[in-house]
Amino acid sequence: METPQFKANLRETTGKGPARRLREEALIPANLYGLKKDPVSLTVDPKELKACMKTPYRMNTVLNLKTDKEETLVMVKEVQSHPIRHNPLHVDFLRVDHDTVLSLNIPVRMEGDCIGVKRGGSLELLRRVIRLEMKVDDIPAEVVIDVSEMDVNDQKRVKDLMIPEGCKPVFKDNYAIVQVVSTRDVDEDEEGEGEGEEGAAAEAPAAEA
């Protein structure tokens, strides 16, 4: 995984007033937690943070955060955004190390030419993410599902997936991730084929005794 470098400044003042003044300067307040260390108040540039997060891992990107007092691996734990403008107002960072075990939502991507779609079925992605547990060094960018052999009425569930090495799915039910559903065209074609066979049988002359 890429580890972008990100610089943050220590923040000595807290509260709504100082936070509002920071935002007027195009900065936002942030907090740093984790690894049984004391929390630290920070000031960050949201544009720089957004640029660092533009990796294949998106919100699961691990950053190398540097302040005047420490340098540590972190992940974005939570972003508070404006309810209308959606611009970030506050960020929480979580300290991690190479032994930290995480539970994350990993995006799902389908690939392959689905047999069922060629026959007129409809391919449906039921879950856009799945929850996986892994260590920091094993975070995958995505889970790829090969749908090429899926036919009409087939499903792939959590246990059917090729889970990336070092990861394990977190789930209680073996829920479906992707399925190929039948359409009217497919049903009508199958019914037509059946009627043709029955019609041919009905028209065939009876065998003489």
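# A guided tour from His 86

Select His 86, which at 57% relative accessibility counts as exposed; here exposed stands for over 50% relative accessible area, buried for under 20%, and partly exposed for what lies in between, with a 1.4 Å probe and protein chains only. What you have open is a predicted model, in which local features need pLDDT of at least 70 and side-chain atom pairs count only at pLDDT 80 or more, while totals for chains, interfaces and linings use all residues. Residues are numbered from 1 along each chain as its sequence is written, and side-chain values use heavy atoms, with hydrogens and water left out.

**Two residues with positive phi**

Stay with His 86, in the loop between β6 and β7, and look at the backbone there: phi is positive, about 65°, although His 86 is not a glycine. Most residues other than glycine have a negative phi. Then select Arg 58 in the loop between α2 (46-52) and β5, where a positive phi of about 50° is found, again in a residue that is not a glycine. Arg 58 is partly exposed, with a relative accessible area of 46%.

**The whole chain**

Now show the whole chain as a cartoon, in which there are four helices and 14 strands; both are DSSP runs numbered from the N terminus, helices being H or I of at least four residues and strands E of at least two. Of the 209 residues in the protein chain, 35% are buried. Contact here means heavy atoms within 4.5 Å, and among contacts between residues at least 6 apart in sequence, 66% join residues at least 24 apart. If you turn on the surface, its accessible area is about 13400 Å², with 47% belonging to carbon and sulfur atoms; such areas come from the Shrake-Rupley method with a 1.4 Å probe, and for residues only the protein chains shown count as cover.

**Salt bridges**

Side chains of opposite charge can pair when their charged atoms come close. How many salt bridges does the structure hold? There are six, a salt bridge being a side-chain nitrogen of Lys or Arg within 4 Å of a carboxyl oxygen of Asp or Glu.

Begin with Lys 7 and Asp 68, which form a salt bridge whose closest N and O atoms are 3.7 Å apart. Because Lys 7 lies in strand β1 (residues 5-7) and Asp 68 in the loop between β5 (62-66) and β6 (71-81), the pair ties together parts that are 61 residues apart in sequence. Lys 7 is partly exposed at 40% relative accessibility, whereas Asp 68 is exposed at 63%.

Next select Glu 142 and Arg 109, a salt bridge in which the closest N and O atoms are 2.9 Å apart. Glu 142 lies in the loop between β10 (129-135) and β11 (143-146) and Arg 109 in strand β8 (residues 101-111), so this pair ties together parts 33 residues apart in sequence. Add Glu 111 to the selection, and you have a network of salt bridges that links Arg 109, Glu 111 and Glu 142.

Then move to Lys 168 and Glu 133, whose side chains meet in a salt bridge of 3.5 Å, N to O. Lys 168 is in strand β13 and Glu 133 in strand β10, so that distant parts of the chain, 35 residues apart, are linked by the pair. Glu 133 counts as partly exposed, at 28% relative accessibility.

**A charge without a partner**

Select Asp 92 in strand β7 (residues 88-96). Is Asp 92 buried or exposed? Asp 92 is buried, yet it has no salt bridge, and the nearest side chain of opposite charge, Lys 77, is 6.3 Å away. Not counting residues up to four places away in sequence, Asp 92 touches Asn 31, Tyr 33, Met 75, Val 76, Lys 77 and Glu 78.

**Met 110 and its surroundings**

In strand β8, select Met 110, which is partly exposed with a relative accessible area of 28%. Ile 145 is 35 residues away along the chain, yet the C-alpha atoms of Met 110 and Ile 145 are separated by 4.8 Å. With neighbours within four places in sequence left aside, Met 110 is in contact with Leu 123, Leu 125, Ile 145, Val 147 and Val 178.

Key
Lys, Arg positive; Asp, Glu negative; His and termini not counted.
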